[in-house]
Amino acid sequence: MIDLVSDTATKPTEGMRAAIAAAEVGDEQRGEDPSVNALCGRVADMLGFEAAILLPSGIMSNLVSVLVHCRPGDEIIAAANAHIVGSEGAGASALGGVQIRTIETPDGRFTAEAVRQRIRPAKARSPRTRVVWIEQTSNAGGGTVWRNETLDEIADVARESQCVMHMDGARLLNACVASNLKPDAYTRKFDSAWLDLSKGLGCPVGSVLAGSRSFIDEAWVWKHRLGGAMRQAGIIAAAGLYALDHHVQRLADDHVNARSLAAGLSQIEGVTIIGEGVETNLVFIDVSRTSRTAAEISEALIAREVRIGVADKYRMRAVTHLGIGRTDVQAVVEAFRSVITAGSTQKEKTHA
Ligand SMILES: *Cc1c(COP(=O)(O)O)cnc(C)c1O
């Protein structure tokens, strides 16, 4: 099966498994796991923060950030298609009593002006706008990369109103590799930011959240409360350290593969690629002119050993990652073509 449903499909490589097997470990809850401490120190440095904390998932990094930054009744400004809005079980409201004010934006990015318009004046009856939420890269926006100039402008607007800046950096390193900028170029005006180990970096589990010393101290309180404090978590951290050494620059291959997949698919009658060019490793495909639904195409692809995600009725999402090579991309394009062609001959037959 060629699995393009997500970059979470990655499995630990042999080198990563060897690093995991050799990991030095200790009690993470007590701050005594040397591998975890090394990973957190490294990510804090990369992202330009004082400290960092290992959490079991990206969702927990987002949730802990909300819980540290906000009080019940506070409001977050985020893109309407942000992961926190639709894919995190409404944790911000269920556990934090926090609501989200959204900005409609197909590509996931918005302007400083859009933020300015949504920051509420300080009034007893208004929610307190507290966080501006940025997803780098934007997942549902098509893997789009925010420009750091835009982020700086937004941060200036946020600061004027005592709002903090949070970065959901599940794929921050994809943005860095695509733009040839260091992570701290993007995070320099942020109060918290994290990256996922279990997406393109190819680790089995984990995310690392970074911020000021006092932010991370508070994050530890919530990590314990939520049951995210672990023991010999060096097993996880060793994979993360290995990935930072071996799996970052290679993200460029995923981007090349995503572009070549998009180019191949766009040659197929009725298939269009959404957005203005593939920037990283996510490809959104519009199949509305193929006379088949995304679900039908997905099912037919599975019979040909290819998995592509269904985004909605006529949209699909394909994600490249370290388990996908160039020949796989060609095979996917061929499988897609044969599904669409088979579909149209069948239609012609029924008409005849
Ligand atoms: C995957 C993802 C998350 C959640 O990360 P998990 O590690 O799966 O919990 C959050 N935000 C974005 C943008 C993501 O793509």
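This report describes the surroundings of the ligand and then the two largest pockets in a predicted model.

Around the ligand there is a shell of 15 residues, and the closest of these are Gly58, Ile59, Asp168, Asp196 and Lys199. Sorted by class, the shell contains three nonpolar, six polar and six charged residues. Three residues of this shell place an N or O atom at a short listed distance from an oxygen atom of the ligand, as the table sets out.

| Residue | Part of the residue | Distance to a ligand oxygen atom |
|---|---|---|
| Ile59 | backbone N or O atom | 2.8 Å |
| Arg171 | side-chain N or O atom | 2.9 Å |
| Asp196 | polar side-chain atom | 2.8 Å |

Taken alone, the ligand would expose 380 Å², and the protein buries 89% of that area. Two elements, α3 (58–69) and β7 (192–196), each give two or more residues to the shell, and α3 gives the most, with three residues.

The largest pocket holds about 360 Å³ of space. Its lining consists of 19 residues, among which Pro106, Asp107, Gly141, Ile274 and Gly275 lie nearest the centre. By class, this lining has eight nonpolar, six polar and five charged residues, and strand β10 (residues 282–286) gives the most to it, with three residues.

The second largest pocket holds about 290 Å³ of space, and of its 15 lining residues the closest to the centre are Ser87, Asn139, Ala140, Phe284 and Arg317. While α4 (83–86) and β12 (309–312) each supply at least two residues of that lining, β12 gives the most, with three. The lining of the second largest pocket has seven nonpolar, six polar and two charged residues.

Methods. Residues numbered from 1 in each chain as written. Predicted model: local features only at pLDDT ≥ 70, side-chain atom pairs only at ≥ 80, totals over all residues. Heavy atoms only, no water. Near = heavy atom within 4 Å. Polar contact = N/O pair within 3.5 Å; in protein donor to acceptor, adjacent residues only side chain to side chain. Areas by Shrake-Rupley, 256 points an atom, 1.4 Å probe, with all protein chains shown as cover. Helix = DSSP H or I, 4+ residues; strand = E, 2+ residues; numbered from the N terminus. Nonpolar A, V, L, I, M, F, W, Y, C, P; charged D, E, K, R; others polar. 1 Å grid on protein atoms, 1.4 Å probe; cavity = no way out; pocket = protein on both sides within 12 Å on 5 of 7 lines; lining within 4 Å. Points joined across faces, edges and corners; volume = space filled by probe spheres on them.
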